[in-house]
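Trainee: I have a model open and want to learn how to read it. Can we go through it feature by feature?

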Amino acid sequence: RRGHPRKGVCGLPEKQDTERQLQLSLRTLFDLVSSAEHLVVLTGAGISTAAGIPDFRGPDGIWTTQNALERAAAGKSKAGA
């Protein structure tokens, strides 16, 4: 696997916490959020794909498939001109 110089290695398997570790992490997160006066959450690309939300730029991503449909439509309109 090749990595990008500033982005790490792509394609590594996802890490799964034990049920106990998950519960401890959730309790810590709950305590921090509950006591926060302000909260900002930043997420990166791919954070949602593990939850089953489709990505945008992958091979079957929304933008990828939409761009392919647009290119196909543009090709058909040029051929009919």
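Trainee: Where does Val41 lie?

Mentor: Val41 sits in the loop between α1 (19-35) and α2 (62-79). Keep in mind that this model is predicted.

Trainee: Is Val41 buried or exposed?

Mentor: Compare the relative accessible area with the cut-off: exposed means over 50%. Val41 has 62%, so this residue is exposed.

Trainee: Which residues form a nonpolar patch on the surface?

Mentor: Val41 is one of them. The others are Leu22, Leu26, Leu29, Val33 and Leu39. Together they have about 530 Å² of accessible area.

Trainee: Let's step back to the whole chain. What pattern does the protein chain follow along the sequence?

Mentor: Read the elements in order: β-β-α-α. That is two strands and two helices.

Trainee: How much of the protein chain do buried residues make up?

Mentor: Buried means under 20% relative accessible area. Here, such residues make up 2% of the 81 in the chain. The chain exposes about 7800 Å², and carbon and sulfur atoms supply 58% of that area.

Trainee: Back to the loop between α1 and α2. Where does Phe56 fit in?

Mentor: Phe56 lies in that loop, between α1 and α2. The range from 20% to 50% counts as partly exposed. Phe56 has a relative accessible area of 41%, so Phe56 is partly exposed.

Trainee: Which residues does Phe56 touch, not counting those up to four places away in sequence?

Mentor: With those neighbors set aside, Phe56 touches Gly61, Ile62, Trp63 and Thr64. For a C-alpha distance, take Phe56 and Gln66: they are 10 residues apart along the chain, and their C-alpha atoms are separated by 9.6 Å.

Technical notes
Residues numbered from 1 in each chain as written. Predicted model: local features only at pLDDT ≥ 70, side-chain atom pairs only at ≥ 80, totals over all residues. Heavy atoms only, no water. Patch = residues over 30% accessible without salt bridge, like charges linked within 9 Å, V, L, I, M, F, W, Y side chains within 5 Å. Areas by Shrake-Rupley, 256 points an atom, 1.4 Å probe, with all protein chains shown as cover. Salt bridge = Lys/Arg side-chain N within 4 Å of Asp/Glu carboxyl O. Helix = DSSP H or I, 4+ residues; strand = E, 2+ residues; numbered from the N terminus. Buried < 20%, exposed > 50% of the residue type's maximum accessible area, 1.4 Å probe, protein only. Contact = heavy atoms within 4.5 Å.
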